[in-house]
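Trainee: I would like to go through this structure with you, one question at a time. Please show it first.

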Protein chains: 2
Amino acid sequence: MRPRRLGEFGRIREFFAPLAGRGALGLTDDAALLDCPPGCQLVVTVDQAVEGVHYLAEDRPDLVAKKLLRRNLSDLAAMGATPHSYLVTTALPATRGDDWVERFAKGLAEDQHRYGIALLGGDSTSTPGPASLTLTAIGHVPTGREIRRSGAQPGDRIWVSGTIGDAFIGLKLLRGEVRRLPNEHRASLAARFRLPEPRTELGPRLAGIAHAMIDVSDGLLADLAHICKTSGVAATVELARVPLSPAARAAVMADPPLHPLLATGGDDYELVFAAAPEADGEITGLSQSLGLPIAKIGLVEAGAGVRLIGDLGREIALERAGWRHF
Amino acid sequence: MRPRRLGEFGRIREFFAPLAGRGALGLTDDAALLDCPPGCQLVVTVDQAVEGVHYLAEDRPDLVAKKLLRRNLSDLAAMGATPHSYLVTTALPATRGDDWVERFAKGLAEDQHRYGIALLGGDSTSTPGPASLTLTAIGHVPTGREIRRSGAQPGDRIWVSGTIGDAFIGLKLLRGEVRRLPNEHRASLAARFRLPEPRTELGPRLAGIAHAMIDVSDGLLADLAHICKTSGVAATVELARVPLSPAARAAVMADPPLHPLLATGGDDYELVFAAAPEADGEITGLSQSLGLPIAKIGLVEAGAGVRLIGDLGREIALERAGWRHF
C-alpha cells in the first residue's frame, strides 16, 4: 500500500483525536486533565512494544495496539484497579504509511469500547530504527484497597485464573517449532499469544480477598517468585494443578517434556494471587459468577523461592523461571 | 568502558529504585499509586527521545535524561500545573552497558531534587535499533485553574518568557554551521540546546492571568499558531520585540538573515501566552518577583494565522514556521 502523507498533526487529527476522552482536550493541548474519583487513588503503569522484540513488522497493527494496551490493563488488574484512560507514544520509521497508523488506532478504538476507557494523550515521532511504542495506562482503586505483591503469608493458598501456557505454545507454533499438534488446536493457541485477555473484571473483585497478586507476563513461576521475594515467603506449585486448556493439554500429550515449561512461558496475562484458606469459598463463588476458572495450584510457606512439584511429589528442576531482557 | 551485567532487574534495583517516590512501591509492583491533592486535578503528558533524532549516541546520558524530563515539565508548566512525579521507559541496545544507564539515572536524580518530583514507575526492554526513551510526567493544578491553548481573545497581548532562539543557534553551533561567532558566546548557546530550563515556577503563577498558553518546543511562531488555531484567532508578532540573549544578539549581528529564523527554531522551552491588556502590570510584577524576563511581543486579533512583522511594519514571509516529524 502506498503511504499516504497526512503528516504528524494530520495523523493525530484523523486517527487519534476521535479516541480522545474527557480531559484530553481534543489532543490539542500540552497535557491532559485527569480527575480522581472521590475516595479513590489513581493507579499508573507503562509498558513498551518494540518491533522485532515484542512483535514482528508483519503483525497486524490493530493486534499490536490491542496487545500493548491489554498488557497494561493486566498490570492494572493485578493491583485490583479499574481501568480509566491511557496515553500512547509511537516512534515510527519515516517510511511507515498512514495506513499502518490508521489500523493501529482502529485496534485502540475497538479495545477502548471493550474496556470502557479513553485516550488522554500521547506523542508521535520518527525513528531511524524499528517502530517503538509505549502505552501508559491509568486506573483507580478505592483508597487502601489496592492489592500489592508484598502481602502473601505462610499458609496462604496460591490461585491462578484461566489457563497457563497457551501463549507460550502459541508463540512456538508461530515460529514453526511445534509439529505434532492437531490442527483444531492451533488457531486458539496462536490467538492466545497474539491477543491476551486481561482479567480486568476479576482484579478489582479480589480486593479484600487476595493478600498479594501479580499478572503472569514473564511466566507463572517467575512472577510468583516476585510475590515471594517481595512478601518474604516461599511457594510450592503442583504442576498437575496448573490449569491447561484442551489445546495445551493436547500439545503436552504430543510432547510431554513441554509440560513443566508451560509454567515458565510468558504472556499468559492471567492473575496469580495468594489468599487465606478461609477465602476458598469466596474465590470459588467469584469464579462461578464471572464464568472464569480460578484454580488452586499451590501453597505459600515460610522461606524463600518457588518450587515446582511433579508426579509423586518430586521437585522439578528448571533451567530458567522466566524471560529477562538482558 | 566495559559493560557491566546487572540485568534488567539489577538495573531497576541499583539505579531506578533509589529514585522511587511514595506510591511507587519501591518499583517492585505492577503499577504505582497516585493521590490527587484535594481541590486539584491531575495533569498528564508524555514525550519521547529517540537516539539519532532527539539526541546523539555520544551525548552525555545525564543530559539526555534531564532534557527529556524537562521537556515534559515544560508541557506541565504550559498548562499552569505544578510537577509531581513521572514514569520513564527505556528501550536500549543489548550492547549498551550498565554505565550508560547509571549516568542516565543520575541525571534524573539531580533533576528530581531540583524540581521536587519523584519516580513512580517505568519499563525497560531491549531493542535491535537505536535507544528509544519515553517519559510520562504528572502534575496537578487547582480544579478549573488550568491554562489551555484555546482561550486567546482578540485584543490580548502576546508575551513570552526568557529569550528565544538560543537553542536553535546552539544546535547550529554543535553541527559546525556557525562560523562567525565570538567564542565567549558559544558555550551558553550550546548549553541552552542541551539543557532547557522549563518555566515550572512561572507556569502555575499565570493561572487567572494567561488566557491561553503553550511552551515553545516546535518554534515560537509554530507554537503560537497552535494557540491561534485552537482559540480561533490570529496573531501578529513584532520581530524587534522577540527577546534575544546577548549571545543570540551577537550571532544575529554576525549573520543578519538568521534573525527571523530564531522565531521558527525550536527547543526554547519558554512559555508564550496571551493575556488581556489589563494584566500588563501583574505580568511585569511577576517577572520582577521571579527574576525572569517576560517580554510583550505582539497582539491577538480576529482572523487566523500568525504574522511576523519586521522593520517599518513589513511582514516577513517564512518558509516554514516550525519543525514537524513527518
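Trainee: Which residue of chain B comes closest to the rotation axis?

Mentor: First, the ground rules: this is a predicted model, in which local features need pLDDT of at least 70, side-chain atom pairs count only at pLDDT 80 or more, and totals for chains, interfaces and linings use all residues. Residues are numbered from 1 along each chain as its sequence is written, and chains are lettered from A and ligands numbered from 1 in the order in which they are written. Going by C-alpha positions, the residue of chain B that comes closest to the rotation axis, at 2.3 Å, is B:Gly129.

Trainee: What kind of axis relates chain B to chain A?

Mentor: Copies are superposed by least squares on the C-alpha atoms of residues with pLDDT of at least 70 in both. A turn of 180 degrees with a shift of 0.0 Å along the axis lays chain B on chain A, at an RMSD of 0.0 Å. That is the relation of a two-fold axis.

Trainee: Which element supplies the largest share of the side of chain B that touches chain A?

Mentor: Two residues are in contact if their C-beta atoms, placed from the backbone, lie within 7 Å, and 55 residues of chain B are in contact with 55 residues of chain A. Helices (H or I, at least four residues) and strands (E, at least two) are DSSP runs, numbered from the N terminus. Elements of chain B that each give at least two residues to this side include α1 (7–16), β2 (40–50), α2 (61–78) and β5 (132–142). The largest share, nine residues, comes from β2(B).

Trainee: How many charged residues does the side of chain B that touches chain A have?

Mentor: Ala, Val, Leu, Ile, Met, Phe, Trp, Tyr, Cys and Pro count as nonpolar, Asp, Glu, Lys and Arg as charged, and the others, Gly among them, as polar. On that division, this side of chain B has 24 nonpolar and 19 polar residues, and the charged ones number twelve.

Trainee: Why do the copies meet through the same surface?

Mentor: The interface residues of the two chains are compared here. The copies meet through the same surface because the share of interface residues of chain B that are also interface residues in chain A is 100%.

Trainee: Which strands stand at the edges of the sheet that holds β2(B)?

Mentor: Two strands pair if DSSP finds at least two bridges between them. Five strands form this open sheet of mixed pairing, in the order β1(A)-β2(B)-β5(B)-β3(B)-β4(B). Within it, β2(B) pairs in the antiparallel sense with β1 (residues 32–34) of chain A over three bridges, and with β5(B), also antiparallel, over eleven. The strands that pair on one side only are β1 of chain A and β4 of chain B.

Trainee: Which residue of β2(B) stands opposite A:Leu33?

Mentor: Strand β1 of chain A and β2(B) run antiparallel. In that pairing, the residue opposite A:Leu33 is B:Val43.

Trainee: At what angle do α1(B) and α3(B) pack?

Mentor: Axes are lines fitted to C-alpha atoms, for helices over the stretch in contact, and angles run from 0 to 180 degrees between N-to-C directions. B:Arg11, B:Phe15 and B:Phe16 in α1(B) meet B:Asp98, B:Val101, B:Glu102 and B:Ala105 in α3(B). The axes of α1(B) and α3 (residues 98–115) of chain B are 10 Å apart, and the angle is about 35 degrees.

Trainee: Which element gives the largest share of the side of domain 1 of chain A that touches domain 2?

Mentor: By an automatic or database domain assignment, chain A is divided into domain 1 (7–142) and domain 2 (157–313). Their contact takes 15 residues from domain 1 of chain A and 17 residues from domain 2 of chain A. On the domain 1 side, the largest share, ten residues, comes from α2(A).

Trainee: Which strands of chain A does α2(A) lie across?

Mentor: Six strands of chain A form an open sheet in the order β7-β9-β6-β10-β8-β11. Strands β7 (210–215) and β11 (305–309) have a single partner strand each, so one side of each is left without a neighbour in the sheet. Running at about 170 degrees to β7(A), α2(A) lies across β7 and β9 of chain A.
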